[in-house]
Amino acid sequence: TLVAAVREGRGILDNIRKFLRYLLSSNLGEVLTVFLGIVLARSLGLVDAAGGVALPLLATQILWINLITDTGPALAMGIDPHAGDVMARQPRQPGERVIDASMWFTVGLTGLTMAIATLLTLDLLLPGGLFQGGHGLDVARTGAFTVLVLAQLFNAFSARSDTASAFVGLFDNRWLWAAVLLGALLQVMVVQWRALNPAFGTAPLSAGQWLLCIGMASSVWWVSELHKACRRWRIGHRLRKVKANGHRLA
């Protein structure tokens, strides 16, 4: 009974950390997108018809992002299956923080990656920025809006662990997959269904533009995988040094 209770308690703490890692990084991505989009608006070509600074995202788009990414995927993460090594870890210290320095670094890296991918998509589609695009503000903003939504859906898989690859146990949580697929379907509907375009300030995207959005959004996944690989290498290197020192002392 005690062993089962410890396993359950560790699993619950893990899921709380996943939940926090996902929500904090996703919301930071939104904040940085709006902040940097306004600060760098002229450089990105983000100007309206009157020559004034245009917002990178509209209020209804931000509300939509929070609706489909902060509910289903986040709740599904709360019932994620426990990791296989949950009982092989050392006991945590009573005063150890739930959100430690390592998690804050992951949150910052993921949020910054989301913002860069979103703003780069804006720049690629808009004329007059660092890269010369050929589309209007509505199309460019729709592309950025879509990238941010898809990036957060990719982040739902990456946030399940701070060290293990997202490919490990990728299909273990069917509720997470259901929430992500539903969110992606709703995003397609908001963009491609012309009846909803006026309400959300969106415009239909071409197949090529959708591929661009998916590719840019997936950068969150690949940056996270690289960060986790580096962290696993550091942990392994530290363990090897400890073992080597132990052998020398013996």
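How many helices and how many strands does the secondary structure of the protein come to? With the whole chain shown as a cartoon, the count is 10 helices and zero strands, where helices (H or I, at least four residues) and strands (E, at least two) are DSSP runs numbered from the N terminus. This is a predicted model, in which local features need pLDDT of at least 70 and side-chain atom pairs count only at pLDDT 80 or more, while totals for chains, interfaces and linings use all residues. Residues are numbered from 1 along each chain as its sequence is written, and side-chain values use heavy atoms, with hydrogens and water left out.

**The whole chain**

Before selecting anything, orient the view along the principal axes, where the C-alpha atoms fill a box of roughly 75 × 40 × 30 Å. Colouring by pLDDT, the predictor's confidence in each residue from 0 to 100, gives an average of 88 for the protein, with 98% of the residues scoring at least 70. Among the elements, helix 9 has the highest mean pLDDT (95) and helix 10 the lowest (82). Of the 250 residues, 42% are buried, a label that stands for under 20% relative accessible area, with exposed meaning over 50% and partly exposed what lies in between (1.4 Å probe, protein chains only). If contacts (heavy atoms within 4.5 Å) are drawn between residues at least 6 apart in sequence, 75% of them join residues at least 24 apart.

**The nonpolar cores**

Next, select Tyr-22, Phe-145, Phe-157 and Leu-176, the residues with the most contacts inside the largest nonpolar core, which has 37 residues. Such a core is a set of buried Ala, Val, Leu, Ile, Met, Phe, Trp, Tyr and Cys residues joined through side-chain atoms within 4.5 Å. The elements that give two or more residues to this core include helix 1 (2-39), helix 5 (101-125), helix 6 (137-158) and helix 10 (219-249), and the largest share, 10 residues, comes from helix 6. Apart from this core lies another, of 10 residues, among them Leu-44, Leu-119, Leu-125 and Leu-126.

Now centre on Tyr-22 and hide its neighbours within four places in sequence: the remaining contacts are Thr-69, Pro-73, Ala-74, Met-77, Gln-152, Asn-155, Ala-156 and Ala-159.

**The largest pocket**

Rolling a probe the size of a water molecule over the atoms shows where empty space is left. The search runs on a 1 Å grid over the protein atoms alone: a cavity is a set of points where a 1.4 Å probe fits but cannot get out, a pocket is an open set with protein on both sides within 12 Å along at least five of seven lines, and lining residues have an atom within 4 Å of a point. Grid points are joined across faces, edges and corners, and a volume is the space filled by probe spheres set on the points.

Select Asp-14, Asp-85, Arg-89, Asp-162 and Thr-163, which lie nearest the centre of the largest pocket among its 36 lining residues. The volume of this pocket is about 1200 Å³. Helix 1 gives the largest share of the lining, six residues. By class, the lining has 11 nonpolar, eight polar and 17 charged residues, with Ala, Val, Leu, Ile, Met, Phe, Trp, Tyr, Cys and Pro counted as nonpolar, Asp, Glu, Lys and Arg as charged, and the others, Gly among them, as polar.

**The two cavities**

The structure also holds two cavities of 30 Å³ or more. For the largest, with about 70 Å³ of space, select the lining residues, including Arg-21, Ser-25, Asn-155, Asp-162 and Lys-228. Helix 10 gives the most to this lining, with three residues, and the classes come to one nonpolar, eight polar and three charged.

For the second largest cavity, of about 50 Å³, select Thr-106, Leu-109, Thr-110, Thr-113, Val-220, Val-223, Ser-224 and His-227. This lining divides into three nonpolar, five polar and no charged residues.

**Two residues to finish**

Is Thr-110 buried or exposed? Thr-110, found in helix 5, counts as buried because its relative accessibility is 9%. Leaving out residues up to four places away in sequence, Thr-110 touches Ser-25, Asn-155 and Val-220.

Move last to Asp-138 in helix 6, which is partly exposed, with a relative accessible area of 45%. With residues up to four places away again set aside, Asp-138 touches Gly-201 and Ala-203. A distance drawn between the C-alpha atoms of Asp-138 and Pro-81, 57 residues apart along the chain, comes to 41 Å.
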